[in-house]
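Trainee: I would like to take a close look at one part of this structure with you. Could you walk me through it step by step?

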Amino acid sequence: MLTWGALLFIAAGVYGQRLLGMTSSSSKRLSGPWIIVLSYIPVAILAAVIALQTLTHQGELQIDARVVGITAAAFCCWRQWPMAAVVTIAALATASTRLIL
Amino acid sequence: MQQLPTGTQLVRGEAWAIGLTYFTVAITVSIVHRTAGTDPWLIVAAALIVNSATATLAFASATASGGSAVTGVLSSWIVSTRFGLLAATIAPRLWSSRKKRLFAAYSCFDPNVALALREEEDSNLRRVYVSLSLWLIIPWWVGSVVGVFVGNIISNPLALGLDVMFPALFVALLWRQLDHGLSKLVGLAGAAVALGTVEFVPGGLPILLAAFTALLGLRKKNTPPNELH
């Protein structure tokens, strides 16, 4: 259960890391190859978050209805459907699968 | 909420999708905290001050499984390391003013960074970043408040598949960046590293380790991912 004290510590840590990243890098200090490496970081992070939120539960690998939802999302992306349709259909597919299972 | 920056690649559907997702995720997060017995005002304050779903959920998860408050706080910090990396990624193209970066840091999330980085011109990148930050944060705050009040009505957000909206949004964001082999390689490697380490290292670290796969970008120095510069 969250407390006010914990909340303040969490906020300080989260904002501190964002601020550190925001103030520690500048285009003047970075050379070409490192700018390209930085540009790939969102790709790596997005892929990691998708994998973890789809295939793990409380730190352990687990396959369940979420896989169906994310597969549906990928199908919608492949068909180039709007982003709102992607997330809505993914939720509906997951909910339907849970209902069936 | 009606304004989108003109002359950029950002389209209305993307902004709405992000707003919808963060509104829904905020409701879900509020329900999780309400179920854990957290004071409603504290839930709303967490949304405003921490501005991160994963951080407060990591705390709730760690303490619910028997961990101390210190463990919970450390867990929340670890899962937030990606925000620092994302901030470092976009910072070179944002304002040089430190004061403006103080504000920009507050709203550093995955979607606004990913979509802003598509812009070729730095001025457009800044406009998209600011606009999407509003499209993301306002639904997030409103959803948190709504979640506090409807928590008793929607007792099981999992039954509605709400937990999948967040990764589904990320799939949509990632999809348009996987346009060439190296992007796909980095994405696959990032996912593999995260899944391969999740059972052996504390929560949050798998994402940090996955970020190192961006070093594969050094293999082809002239091919940044599509729409990322």
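Which backbone oxygen lies 2.8 Å from a polar atom of the side chain of Ser30(B)?

Mentor: Happy to help! Please keep in mind that this is a predicted model. The oxygen you are asking about belongs to the backbone of Ser144(B), and 2.8 Å separates that oxygen from a polar atom in the side chain of Ser30(B).

Let's look at the surroundings of this serine. Ser30(B) is part of helix α1 of chain B, which covers residues 12-35. With a relative accessible area of 1%, Ser30(B) is buried, because buried means under 20%. If we set aside the neighbours within four places in sequence, Ser30(B) is in contact with Ile43(B), Gly143(B), Ser144(B), Gly147(B) and Val148(B). So Ser144(B), the partner from your question, is also on this contact list.

Now let's follow helix α1 to its aromatic residues. Over all chains, the structure holds six aromatic pairs. One of them joins Trp16(B) and Trp135(B) in an edge-to-face arrangement, with 5.2 Å from centre to centre and 70° between the planes. Trp16(B) sits in helix α1 of chain B and Trp135(B) in helix α8 of chain B, so this pair ties together parts that are 119 residues apart in sequence. The two partners are covered to differing degrees: Trp16(B) is partly exposed at 49% relative accessibility, whereas Trp135(B) is buried at 1%.

Another edge-to-face pair is made by Tyr22(B) and Phe109(B), with 5.8 Å between the centres and 75° between the planes. Here Tyr22(B) belongs to helix α1 of chain B, while Phe109(B) lies in the loop between α6 (98-106) and α7 (110-116) of chain B, so the pair links parts that are 87 residues apart in sequence. Both Tyr22(B) and Phe109(B) are buried. These two residues also belong to one aromatic cluster together with Phe83(B) and Trp140(B).

From there, we can turn to the surface. A nonpolar patch is formed there by Leu8(A), Leu48(B), Ile49(B), Val130(B), Leu134(B), Ile138(B), Trp141(B) and Val142(B), and together they have about 640 Å² of accessible area. Which helix gives the largest share of this patch? That is α8(B), which supplies five residues. In chain B, α2 (40-49) and α8 (122-150) each supply at least two residues of the patch. One patch member to find on your screen is Ile49(B), in helix α2 of chain B. Its relative accessible area is 37%, so Ile49(B) counts as partly exposed.

Helix α2 of chain B also holds Trp41(B). Is Trp41(B) buried or exposed? Trp41(B) has a relative accessible area of 66%, and because exposed means over 50%, this residue counts as exposed. For a sense of distance, try Trp41(B) and Ser183(B): they are 142 residues apart along the chain, and their C-alpha atoms are separated by 43 Å.

To finish, here is a stop in chain A. His57(A) is in strand β1, residues 56-57 of chain A, and is partly exposed with a relative accessible area of 40%. Leaving aside neighbours within four places in sequence, His57(A) is in contact with Gln62(A) and Arg66(A).

Notes: Residues are numbered from 1 along each chain as its sequence is written. Chains are lettered from A and ligands numbered from 1 in the order in which they are written. This is a predicted model: local features need pLDDT of at least 70, side-chain atom pairs count only at pLDDT 80 or more; totals for chains, interfaces and linings use all residues. Side-chain values use heavy atoms; hydrogens and water are left out. Patches are made of residues with over 30% relative accessible area and no salt bridge: like charges are joined within 9 Å, nonpolar side chains (Val, Leu, Ile, Met, Phe, Trp, Tyr) within 5 Å. Accessible areas come from the Shrake-Rupley method with a 1.4 Å probe; for residues, only the protein chains shown count as cover. A salt bridge is a side-chain nitrogen of Lys or Arg within 4 Å of a carboxyl oxygen of Asp or Glu. Helices (H or I, at least four residues) and strands (E, at least two) are DSSP runs, numbered from the N terminus. Buried means under 20% relative accessible area, exposed over 50%, partly exposed in between (1.4 Å probe, protein chains only). A polar contact is a pair of N or O atoms within 3.5 Å; within protein, one must be able to donate a hydrogen and the other to accept it, and residues adjacent in sequence count only if both atoms are side-chain atoms. Contact means heavy atoms within 4.5 Å. Rings of Phe, Tyr and Trp (its six-membered ring) pair if their centres lie within 6.5 Å; planes under 30 degrees apart count as stacked, over 60 as edge-to-face and the rest as tilted.
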